[in-house]
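Me: Please take a close look at one part of this model, the salt bridges and the surroundings of one of them, and explain what can be said about the residues there.

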Amino acid sequence: QGAERHSYQFFMGPKREEVLKDYKLETLLGFGAFTPLSKGLLQILNAFYAVIPNYGVDIIILTFLVKVVLFPFTRKSQMSMYKMQKLQPLLEQLREKYKKDKQKMGQEQMALFKKHGVNPMSGCLPIVLQLPIFYALFRTLQLSFEMRQAPFILWMQDLSQPDRMLTLNFALPFLGNDINALPIIMTAASVFQMRLMPKSTDPAAQQQQKLMKYMPIMFAFVLYHMPSGLVLYWTVSTILSIGEQLLIKRMLSKA
């Protein structure tokens, strides 16, 4: 039996990219499927932090920038939905005219949408575009060393943990002992945002809106125990979305 020799390398220190590079251990800093996007977001947040040393404020600035970048898509989506609302009388006529021929009715509806530049499914586009950023930021907050015990304001003293405004002596169903304020604020803002959405009489669009109506409640439970930095991003994003909707509505009224 011959002898075997094994060598191991151990690293004990912060998982910060600039530190890991010195030891050629950059692969230790992995954020999953969206690693490049997570690293990009972390670099942006660190750049903001160099000017404003508060990661909570930096996340708000990042959210604003994301909204600015996505605004053309949001505007197109919202305008399409408001146009859809104005087309309801014509759609009702088509449904009445072709109520015995569903295929022909569908063809005529698509022709009407194409003529007026309307996409019935465009309402989901801004959310879909934000999902990769949302997940990448979640992994950034969860795994990056910089976010550990990073304070924001008041009771929010660790952006990598739920905001825990109050701890109860008893547990609430699904929520536990902690009262986290940000998810509650986020849910209230989301419900208000849904109320601003234009209503549709189209069955397909109505079904979509019914599903969207339950999204604030679903997100409240999903995000309740998530890092407060992530909930801060989604809360600010929702509040900015309300402002976008009011702005676009005003632009359409003047057009």
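Reply: What follows describes the salt bridges first and a surface patch afterwards. The model is predicted, so to speak of local features a pLDDT of at least 70 is needed, side-chain atom pairs count only at pLDDT 80 or more, and totals for chains, interfaces and linings use all residues. Residues are numbered from 1 along each chain as its sequence is written, and side-chain values use heavy atoms, with hydrogens and water left out.

The structure holds two salt bridges, each a side-chain nitrogen of Lys or Arg within 4 Å of a carboxyl oxygen of Asp or Glu. In one of them, Glu 244 pairs with Lys 67, and their closest N and O atoms are 3.6 Å apart. This pair links distant parts of the chain, since Glu 244 lies in helix H10 (residues 228-254) and Lys 67 in helix H3, 177 residues apart; helices here are DSSP runs of H or I with at least four residues, strands are E runs of at least two, and both are numbered from the N terminus. Glu 244 counts as buried because its relative accessibility is 8%, and Lys 67 is buried as well, with a relative accessible area of 7%, where buried means under 20% relative accessible area, exposed over 50% and partly exposed in between, with a 1.4 Å probe and protein chains only.

Arg 164 forms a salt bridge with Asp 178, the closest N and O atoms being 3.1 Å apart. Arg 164 sits in the loop between helix H6 (125-143) and strand E1 (166-172), whereas Asp 178 belongs to strand E2 (residues 176-179). Arg 164 is partly exposed because its relative accessibility is 39%, while Asp 178 is buried at 19%.

Helix H3 (residues 55-86) also contains Leu 65, which counts as partly exposed because its relative accessibility is 39%.
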